[in-house]
Number of protein chains: 4
Amino acid sequence: MPLPRSGPVRSEAARLSILEATAALIAERGYDHLTMEGIAARAGVGKQTIYRWWPSKGAVTAECLFEGMLVPGRFQLPHTGDVRRDLASWLGEIFGYLGSEQGESILRSLIGAAAENADVGRRLRDALFRADSLSARLTAAIGTTSNLPPDAPVEELAEALIGAVLLRALSREPVAPGDAERLLDAVLGR
Amino acid sequence: MPLPRSGPVRSEAARLSILEATAALIAERGYDHLTMEGIAARAGVGKQTIYRWWPSKGAVTAECLFEGMLVPGRFQLPHTGDVRRDLASWLGEIFGYLGSEQGESILRSLIGAAAENADVGRRLRDALFRADSLSARLTAAIGTTSNLPPDAPVEELAEALIGAVLLRALSREPVAPGDAERLLDAVLGR
Amino acid sequence: MPLPRSGPVRSEAARLSILEATAALIAERGYDHLTMEGIAARAGVGKQTIYRWWPSKGAVTAECLFEGMLVPGRFQLPHTGDVRRDLASWLGEIFGYLGSEQGESILRSLIGAAAENADVGRRLRDALFRADSLSARLTAAIGTTSNLPPDAPVEELAEALIGAVLLRALSREPVAPGDAERLLDAVLGR
Amino acid sequence: MPLPRSGPVRSEAARLSILEATAALIAERGYDHLTMEGIAARAGVGKQTIYRWWPSKGAVTAECLFEGMLVPGRFQLPHTGDVRRDLASWLGEIFGYLGSEQGESILRSLIGAAAENADVGRRLRDALFRADSLSARLTAAIGTTSNLPPDAPVEELAEALIGAVLLRALSREPVAPGDAERLLDAVLGR
DNA sequence: ATATAACCGAGACGGTACGTCACGTCTTCAC
DNA sequence: GTGAAGACGTGACGTACCGTCTCGGTTATAT
């Protein structure tokens with residue numbers, strides 16, 4: 001089923017088809033095993049159409065990530081007023097995703113992609129985990145709900161939280177029920 | 001210069017030559033770009049000799065890691081009695097390594113390798129960072145030097161520390177002087 | 001010096017380059033010793049370009065044969081009216097070719113190729129020795145010049161002549177001056 | 001089941017086992033596809049034991065041939081007094097062998113072996129088809145049963161007969177009932 | 001209204017690396 | 001000192017993808 005043609009302007013249909021094919025292939029077989037030819041075939045698109053707009057499969061992956069096609073957009077900090085509870089809920093959701101076989105595999109794939117492609121690395125940080133808003137929220141919480149001292153290194157706190165998630169994905173250790181809370185206790189104090 | 005033959009037993013010379021070639025190639029060009037043919041050529045060895053003993057380049061890399069050929073063995077916790085100071089010194093050394101272009105690249109390569117190979121992931125955790133002894137030391141430190149409560153989740157603390165290092169490597173952000181201390185402050189409190 | 005590209009249609013330049021390389025390599029080193037990689041390298045072509053169009057080196061060889069690149073097209077029956085003299089001249093030329101070291105080696109190579117590849121066998125018969133026209137001519141000669149009875153089994157006569165040539169090539173016995181005539185005498189009578 | 005050892009003299013058991021394995025493998029899969037490792041494994045013998053006594057698989061094949069393990073010894077000219085009838089019977093047997101799928105394949109294999117190995121070529125001629133005795137018999141028959149002139153080129157007659165058989169094997173054309181007789185008619189006259 | 005030019009699908013091309021097979025050499029050890 | 005076993009360096013196999021390059025066909029825009 002060939003895609004409809006749109007003349008000498010970039011075909012949005014082709015672009016979407018490529019991103020969807022990429023996301024599907026990563027979900028099915030992992031970032032390694034992802035090939036340009038596989039994407040083109042799955043998307044019903046010529047290889048040149050991919051190379052015209054992206055320099056590498058890492059770049060396509062990064063755009064997938066940015067479009068929210070790989071990791072659901074749900075990983076957003078809630079905003080109830082109780083920062084500690086918000087963080088717990090957010091981390092809980094992430095660990096839940098990590099607990100599913102699908103999620104663990106995709107996340108691991110993305111780590112691999114990030115390791116060899118700087119763009120993916122950046123996207124993985126801010127588009128996926130919204131690290132910025134995370135540290136902003138931590139800053140806002142100083143002196144309020146949790147036992148954060150006024151000059152707490154929030155940036156480092158955020159890195160520690162997210163880093164622990166990555167390490168968990170890398171090490172392939174299964175997620176246990178209370179893990180998210182324990183991590184929060186460890187980093188923020190009880 | 002062909003290696004000496006040793007008959008129907010495994011050639012230790014070939015094994016070492018392969019591991020050394022692998023370590024050198026990873027250090028020079030990164031884990032992606034590492035090829036079996038490249039290893040064989042550099043090691044002066046037939047490809048089959050590699051495939052006879054390792055199923056994949058990930059496995060070879062894991063053995064390199066285990067033999068301490070990729071990351072220096074220096075990342076060991078000192079043991080001065082002052083746990084906090086020991087941790088600071090250990091983290092400082094790691095961040096120092098991460099600060100060098102070489103070290104950052106190798107570490108990132110290994111993360112990529114870990115993402116696609118479970119064995120590498122495991123080795124990267126315990127052979128490299130001695131996570132076990134790390135949490136053991138944290139346990140020992142409870143109630144002593146630092147402000148760790150008696151039931152502190154040391155395992156999670158260790159994961160947060162190491163995870164932050166990995167995230168730093170992945171995100172390619174340069175290391176600044178006080179980073180190690182700030183991370184320690186963030187996770188262990190001041 | 002890369003060959004010119006011609007897009008998504010088969011490149012005639014590549015095809016010719018491959019056939020020429022094949023013919024040259026067979027002439028130089030024999031059919032055994034012929035390798036796909038050798039052909040590709042000599043032709044300045046990717047291996048896949050060979051495999052895309054031919055299933056085996058035997059098939060490439062068969063096409064060489066068909067294109068007249070391996071055995072000169074000169075082995076054609078003259079047509080003077082005197083069939084006996086025509087046959088003598090034709091056989092003489094073949095034995096002359098067989099007498100040269102080059103010719104003997106190539107012919108033997110082709111026999112080896114024919115033994116393991118049916119296509120080569122067929123080509124070797126009809127494209128090379130024009131067996132068809134040979135038996136047709138023999139049929140035409142019945143009752144005329146030679147002592148062929150009206151119902152002479154011309155097909156078998158042709159096979160005997162060509163077969164004797166093959167056997168000579170296989171057995172590596174040097175060709176002596178009067179051999180062609182003697183063979184003709186033996187098969188056709190004096 | 002390892003073969004019994006016999007100390008510092010050549011093991012006849014090993015030699016026979018190798019030849020039998022070779023003959024079986026050629027019969028099963030053809031001369032190309034025959035491998036030294038396959039022979040060794042099938043014979044329950046170390047590779048070195050083969051290389052110690054034969055320089056190539058062609059040589060092993062030649063010895064098989066010489067021992068009558070590949071082509072049945074039945075292809076011998078009968079000796080009834082009627083040379084024409086003897087030849088007819090002999091050729092008939094050969095064509096019968098050639099008519100079986102097994103026989104056609106083995107013979108073709110041997111031609112391939114002969115094409116790349118001089119020794120096999122020689123053996124194939126005299127050990128297999130007893131060409132010597134054939135031309136001797138033809139000589140003896142001069143002036144007797146058939147219409148051979150006194151100075152008939154018997155050597156060439158023999159070559160034509162055998163050559164026709166080889167060509168038939170090479171060209172993979174099925175054998176029809178009267179073929180042997182027709183060939184004899186063609187070459188010797190009616 | 002028509003040419004022009006960018007885009008599209010398809011896929012052939014010269015390459016690199018894959019993982020496997022077999023080669024012929026060599027070494028160990030049991031008999 | 002022969003023979004089974006099998007590791008070794010070498011080299012070819014046939015396959016998968018790479019990134020580049022036409023090709024023929026569409027279609028929006030600039031003449």
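Me: What is the sign of phi at B:G30, just after α1(B)?

Reply: The phi of B:G30 is positive, about 90°. The model is predicted: local features need pLDDT of at least 70, side-chain atom pairs count only at pLDDT 80 or more, and totals for chains, interfaces and linings use all residues. Residues are numbered from 1 along each chain as its sequence is written, chains are lettered from A and ligands numbered from 1 in the order in which they are written, and side-chain values use heavy atoms, with hydrogens and water left out.

Me: What makes residues 12-29 of chain B a helix, and how do you know that its length is as expected?

Reply: Helices are DSSP runs of H or I with at least four residues, strands are runs of E with at least two, and both are numbered from the N terminus. Helix α1 of chain B has 18 residues. The expected span is 1.5 Å times one less than the number of residues, which gives 26 Å here, and the end C-alpha atoms are indeed 26 Å apart. For α1 of chain D, also residues 12-29, the expected span of 26 Å likewise agrees with the 26 Å between its end C-alpha atoms.

Me: Which residues of α1(B) are called buried, and what covers them?

Reply: Buried means under 20% relative accessible area, exposed means over 50%, and partly exposed lies in between (1.4 Å probe, protein chains only). The buried residues of α1(B) include B:A14, B:I18, B:L19, B:A21 and B:L25. Among the elements that cover them are α2 (36-43), α3 (47-53), α4 (57-66) and α6 (101-116) of chain B. In chain D, the buried residues of α1 include D:A14, D:I18, D:L19, D:A21 and D:L25, and they pack against α2, α3, α4 and α6 of that chain.

Me: Why is C:A23 called buried, and which residues does it touch?

Reply: C:A23 has a relative accessible area of 10%, and the limit for a buried residue lies above that value, so the label applies. C:A23 belongs to helix α1 of chain C. Leaving aside residues up to four places away in sequence, C:A23 touches C:C64, C:M69 and C:L70, where a contact means heavy atoms within 4.5 Å. C:V9 stands 14 residues from C:A23 in sequence, and their C-alpha atoms are 24 Å apart.

Me: What makes the phi of A:H33 and D:H33 worth noting?

Reply: Most residues other than glycine have a negative phi. A:H33, which is not a glycine, has a positive phi of about 85°, and the phi of D:H33 is positive too, near 85°. Both residues sit in the loop between α1 and α2, A:H33 in chain A and D:H33 in chain D.

Me: Why is D:H33 called exposed?

Reply: Its relative accessible area is 52%, which is above the cut-off for exposure, so D:H33 is counted as exposed.

Me: How do you know that a charged end sits over the ring of B:Y31?

Reply: The term requires NZ of Lys or CZ of Arg within 6 Å of the ring centre and within 35 degrees of the ring normal. The charged end of B:K57 is 4.7 Å from the centre of the ring of B:Y31. A second case is B:R123, whose charged end sits over the ring of B:F66 at 4.5 Å from the centre.

Me: Why are chain C and chain D described as related by a two-fold axis?

Reply: Copies are superposed by least squares on the C-alpha atoms of residues with pLDDT of at least 70 in both. A rotation of 179° with 0.1 Å of shift along its axis places chain C on chain D, with an RMSD of 0.1 Å. The two copies are thus related as by a two-fold rotation axis. Among the residues of chain C, C:G163 comes closest to that axis, at 1.9 Å (C-alpha).

Me: How do you know that chain C and chain D meet through the same surface?

Reply: Of the interface residues of chain C, 97% are also interface residues in chain D, so the copies use the same surface.

Me: What separates chain B from chain C and from chain D?

Reply: No contact joins chain B and chain C, whose closest C-alpha atoms are 17 Å apart. Chain B and chain D also have no contact, and their closest C-alpha atoms are 12 Å apart.
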